[in-house]
Amino acid sequence: MDASITSQVATVKLLIDGQFVESKSTQWRDIINPATQQVLARVPMATQQEVDAAVTAAQKAFKTWRKTAIGARARIFLKYQQLIREHMTELAALLTAEQGKTLPDAEGDVFRGLEVVEHASAIGNLQLGELANNVATGVDTYTLLQPLGVCAGITPFNFPAMIPLWMFPMAIATGNTFVLKPSEQDPMVTMRLVELALEAGIPPGVLNVVHGGEDVVNAICDHKDIKAVSFVGSTKVGTHVYNRASLAGKRVQCMMGAKNHAIVLPDANKEQTLNALAGAAFGAAGQRCMAVTTAVLVGEAQKWIPDLVAKAKTLKINAGKEQGTDVGPLISCAAKSRVESLIERGVADGAKLELDGRNPAVAGYDKGNFVGPTIFSGVKPGMSIYEQEIFGPVLCLVAADSLDSAIDFINTNPNGNGTAIFTQSGAAARKFQDDIDVGQVGINVPIPVPVPLFSFTGSRASKLGDLGPYGKQVVMFYTQTKTVTARWFDDDSTGGLNTTISLK
Ligand code: NAD
């Protein structure tokens with residue numbers, strides 16, 4: 001991290017009270033293209049005063065925003081979804097440049113966020129209370145789902161469009177104001193989305209952005225005027241955020257790290273299963289919280305290893321912006337070294353390296369953070385490659401002799417983000433969906449991320465807090481249910497016209 005701005009590289013701005021402003025910080029960090037190491041821009045580590053200013057602006061805006069008509073809020077998100085569609089190509093190119101994923105994947109990243117924006121535009125149907133008539137004679141009870149106040153979001157590097165869009169649209173649509181802290185590794189596409197949100201009509205102070213790392217996150221967790229914090233990122237940081245922000249009295253939800261298993265039964269459609277495994281393990285360079293990192297091959301399916309290796313070898317490793325790329329670079333040099341050293345540990349721990357993706361030759365991009373598809377067989381609990389979230393294109397293969405033992409194996413792993421089964425047996429799939437202790441289950445679907453009509457429902461060690469992001473659950477997360485019990489005496493139900501006022 002550099003101590004001052006010394007170059008002419010563009011700077012990423014803060015958004016405070018409707019104004020994009022240059023930070024006064026002395027701490028800045030480079031945003032680097034992971035395929036080339038080119039410095040694209042510099043991002044500030046915001047000061048405590050800047051965090052305070054963002055929260056103050058959000059608090060001020062809340063006074064009027066909380067009473068803004070639901071239709072007016074909904075129409076902003078209708079316009080916003082249109083603007084995102086119109087700028088899709090530009091957004092995807094920006095995302096690929098700073099994050100590394102392929103252009104189709106980058107469009108997917110934006111699109112999955114866009115679906116949440118579309119859902120936010122239906123807020124009129126989502127933020128409805130309940131009413132029970134005559135709970136006692138002449139008494140009604142009803143609920144109001146009221147916004148909390150200033151809410152904050154802290155996002156990871158791997159989905160710099162989708163995950164910010166999981167957060168601020170629904171928080172704002174439900175009547176809150178928001179302070180967003182994007183990943184400092186790739187905040188540029190997030191900022192472009194924020195610009196479009198203002199263009200769609202989000203008023204000054206309703207959405208604010210501060211940049212930074214640990215210090216800014218801690219300032220958000222501790223801030224007395226922030227009511228709720230939504231976090232997505234690693235388990236280590238998420239646990240810290242959950243404890244710190246909860247202690248400060250906030251409502252907190254943390255979606256965290258994963259180790260996702262897929263069971264392959266021998267009756268599965270082989271070609272479709274191998275394609276699905278390759279895409280889910282190596283796509284986005286394995287940097288998805290829902291990536292399949294472990295395949296449990298049951299019985300005869302263990303004979304498919306050479307076919308899986310052959311399939312993985314067909315994937316093209318290249319810069320994300322090049323056409324036909326399947327596997328782009330990892331986010332940083334540090335991420336690349338970490339993945340490479342875990343591969344080394346896997347070999348040392350006794351797993352069989354079926355395919356080694358280290359040091360692939362990528363013409364024209366010799367400085368890129370590339371690791372190609374890597375496959376280990378004979379993986380066992382206790383090995384570092386199984387115990388740690390690798391977050392790279394590395395697939396671990398485990399053998400099991402029955403569906404029951406495969407399910408037990410997965411349930412013994414502490415994580416519960418996602419899982420899948422590949423089979424043509426309805427009975428096996430039904431048993432799996434009933435007995436597996438993981439929050440998001442795919443049946444012949446490798447990455448079962450729910451659309452926003454539902455919520456993201458990772459479980460166990462992959463999540464802290466009861467309610468998930470987006471969908472129905474997030475309406476509850478971003479609102480306080482108020483129960484009103486009302487009695488209106490019927491001794492004067494004429495509105496004062498019965499005795500005293502004459503209409504003549
Ligand atoms: P990360 O935890 O390093 O960073 C997430 C956020 O926390 C960033 O905004 C970062 O600035 C901040 N941060 C980093 N270090 C911090 C510290 N010491 N104290 C306070 N804040 C800190 O995660 P990442 O590397 O950006 O993202 C990858 C991780 O996110 C993976 O573990 C992945 O599984 C997880 N993830 C989970 C989901 C999910 O829905 N479960 C979705 C996407 C990513």
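# A working chat on cores, strands and pockets

Trainee: Let's start with A285. Buried or exposed?
Mentor: Buried, because the relative accessibility of A285 is 1% and the cut-off for buried is under 20%. Bear in mind that this is a predicted model.

Trainee: Where does A285 sit?
Mentor: In a loop. That loop runs between helix α10 (270–282) and strand β13.

Trainee: What about phi of A285?
Mentor: Positive, about 55 degrees, and A285 is not a glycine. Most residues other than glycine have a negative phi.

Trainee: What's the phi of R460?
Mentor: Near 45 degrees, so R460 is another non-glycine residue with a positive value. R460 belongs to strand β20, which covers residues 459–460.

Trainee: And how is R460 classed for accessibility?
Mentor: Partly exposed, because its relative accessibility is 27%. The partly exposed band runs between the 20% and 50% limits.

Trainee: Switching to strands. How many residues of β16 are buried?
Mentor: Six of seven, so β16 (residues 394–400) is mostly covered.

Trainee: Which strands does β16 pair with?
Mentor: One partner is β13 (residues 292–298), parallel, over five bridges. Another is β15 (residues 374–377), also parallel, over three bridges.

Trainee: What is the bridge partner of V296 in β16?
Mentor: V398. From β15's side, I375 is bridged to L395 of β16.

Trainee: Now β8. How much of it is buried?
Mentor: Five of its five residues, 177–181.

Trainee: What about the two faces of β8?
Mentor: Both are covered. T177, V179 and K181 are buried on one side, and F178 and L180 are buried on the other. In a regular strand the side chains alternate between the two faces of the sheet.

Trainee: What pairs with β8?
Mentor: Strand β7 (residues 150–154) does, in parallel, with five bridges joining the two. A152 is the residue opposite V179.

Trainee: On to packing. How many residues in the largest nonpolar core?
Mentor: 65. Y80, F168 and F178 have the most contacts inside that core. Helix α6 (residues 162–173) gives the largest share, 10 residues.

Trainee: What does F168 touch?
Mentor: Leaving out residues up to four places away in sequence, F168 touches Y80, F178, L180, V194, A197 and L207. F178 and L180 are the two buried residues on one side of β8.

Trainee: What lies apart from the largest core?
Mentor: Another core, of 62 residues. A351, V379, L403 and I410 are among them. Nonpolar side chains tend to be buried together in soluble globular proteins.

Trainee: Pockets next. What's the volume of the largest pocket?
Mentor: About 1200 Å³. The lining has 45 residues, and F157, Q185, G233, S234 and V237 are the closest to the centre.

Trainee: Which elements supply at least two residues each to that lining?
Mentor: α6, α8 (214–222), β10 (226–232), α9 (235–247) and α12 (333–348).

Trainee: What's the class make-up of that lining?
Mentor: 20 nonpolar, 16 polar and nine charged.

Trainee: And the second largest pocket, what volume?
Mentor: About 280 Å³. It has 16 lining residues, with R112, F159, R288, I447 and V449 nearest the centre.

Trainee: Which helix gives the largest share of that lining?
Mentor: α4, with five residues. Both α4 (103–120) and α6 supply at least two residues there.

Trainee: What are the classes in that second lining?
Mentor: 10 nonpolar, one polar and five charged.

Trainee: How many cavities of 30 Å³ or more?
Mentor: Three. The largest cavity holds about 40 Å³.

Trainee: What lines the largest cavity?
Mentor: A281, G286, A291, V292, T293, E389, I390, F391, G392 and V394. V292 falls in β13, and V394 in β16. By class, that lining is six nonpolar, three polar and one charged.

Trainee: Last one, D404. Where is it found?
Mentor: In helix α14 (residues 403–412). D404 is partly exposed because its relative accessible area is 43%.

Trainee: How far apart are D404 and S246?
Mentor: 158 residues in sequence, and 38 Å in space from C-alpha to C-alpha.

Conventions:
Residues numbered from 1 in each chain as written. Predicted model: local features only at pLDDT ≥ 70, side-chain atom pairs only at ≥ 80, totals over all residues. Heavy atoms only, no water. Buried < 20%, exposed > 50% of the residue type's maximum accessible area, 1.4 Å probe, protein only. Helix = DSSP H or I, 4+ residues; strand = E, 2+ residues; numbered from the N terminus. Pairing = 2+ DSSP bridges. Core = buried A, V, L, I, M, F, W, Y, C linked by side-chain atoms within 4.5 Å. Contact = heavy atoms within 4.5 Å. 1 Å grid on protein atoms, 1.4 Å probe; cavity = no way out; pocket = protein on both sides within 12 Å on 5 of 7 lines; lining within 4 Å. Points joined across faces, edges and corners; volume = space filled by probe spheres on them. Nonpolar A, V, L, I, M, F, W, Y, C, P; charged D, E, K, R; others polar.
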